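Reader: I'm new to this one, and I'd like a close look at a single part of it. Could you take me to the aromatic rings and what surrounds them, after a bit of background?

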Amino acid sequence: MIAKRVALACGVGIILPLALVAWMVAMVTLFPDSFLCGEYTGCFGYLQQAWDAGRWVAAVVAWPLLWLVGVRPAWHVAGLALPLLVVIWQVVEALLWEAFWDALLLALVSGLIAYPVAVLIVGRLARSGEPAA
């Protein structure tokens, strides 16, 4: 049972960042002449915009998405994953200028790390009889 919840959480963890990337690609395709696209930098303005707002939107959307795929208790998992995500995002921002591609990869897999870990912790707390939140 816990393995199924971890696998479902992995799915949610990868769907959310891919949705952000899809949004960014759609914006570049629809608005290539935007002020967010520069002559020398390409359209990294869209990447910055997706990162600034999109990560918080993804964190909010995670709870209903976890519930929809069958991860229970979804609220506890999403709530516990948020501090993990914030720590990972801080690492991403620290690495951004030193190792851009590594930071980008870490940002893409941040949910793939945080949500399954949160499922494991919530499952462990529920089995030990302690409150899960």
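Author: Of the 133 residues in the protein, 32% are buried. Keep in mind that this is a predicted model, so every value here is computed from that prediction. The surface that the protein exposes comes to about 8100 Å², and carbon and sulfur atoms supply 74% of that area.

As for the overall build, there are four helices and zero strands, so reading from the N terminus on you simply get α-α-α-α. The C-alpha trace spans about 60 × 30 × 20 Å along its principal axes. Now look at the contacts with a separation of 6 or more: 68% of them are between residues 24 or more positions apart.

Now for the rings. The structure holds four aromatic pairs. Let's start with the one formed by Trp51 and Trp89, which is edge-to-face, with 6.3 Å centre to centre and 80° between the planes. Trp51 sits in helix H2, which covers residues 44-69, while Trp89 sits in helix H3, residues 74-95, so this pair ties together parts that are 38 residues apart in sequence. Are these two rings buried or exposed? Trp51 has a relative accessibility of 17%, so it counts as buried, because the cut-off for buried is under 20%. Trp89 has 5% and therefore counts as buried too.

A second pair joins Trp63 and Trp75, and that one is edge-to-face as well, at 5.8 Å centre to centre with 85° between the planes. Here again H2 and H3 are linked: Trp63 is in helix H2 and Trp75 is in helix H3, 12 residues apart. The accessibility tells another story for these rings. Trp63, at 35%, counts as partly exposed, and Trp75 is exposed, with a relative accessible area of 60%.

Back to Trp51 and Trp89, since there is another ring to add. Ring pairs link Trp51, Trp56 and Trp89 into a cluster. If you follow Trp89 towards helix H4, you meet Ser110, which lies in that helix. Setting aside neighbours within four places in sequence, Ser110 is in contact with Trp89, and also with Leu85 and Ile88. Like Trp89, which has 5% relative accessibility, Ser110 is buried, with a relative accessible area of 5%.

Follow Trp51 instead and you arrive at the largest pocket. Its lining is made up of 30 residues, and Trp51 is one of those that lie nearest the centre, along with Leu47, Ala50, Leu104 and Ala107. About 590 Å³ of space lies in this pocket. Which elements give two or more residues to the lining? They are helix H1 (2-30), H2, H3 and helix H4 (100-128). H2 supplies the largest share, nine residues. Sorted by class, the lining has 23 nonpolar residues, five polar ones and two charged ones.

So, to put the part you asked about together: Trp51 is a good place to rest your eye, because it is buried. Trp51 also pairs edge-to-face with Trp89, belongs to a cluster with Trp56 and Trp89, and lies among the residues nearest the centre of the largest pocket.

How values were computed. Residues numbered from 1 in each chain as written. Predicted model: local features only at pLDDT ≥ 70, side-chain atom pairs only at ≥ 80, totals over all residues. Heavy atoms only, no water. Phe/Tyr/Trp six-rings, centres within 6.5 Å; stacked < 30°, edge-to-face > 60°. Buried < 20%, exposed > 50% of the residue type's maximum accessible area, 1.4 Å probe, protein only. 1 Å grid on protein atoms, 1.4 Å probe; cavity = no way out; pocket = protein on both sides within 12 Å on 5 of 7 lines; lining within 4 Å. Points joined across faces, edges and corners; volume = space filled by probe spheres on them. Nonpolar A, V, L, I, M, F, W, Y, C, P; charged D, E, K, R; others polar. Contact = heavy atoms within 4.5 Å. Areas by Shrake-Rupley, 256 points an atom, 1.4 Å probe, with all protein chains shown as cover.
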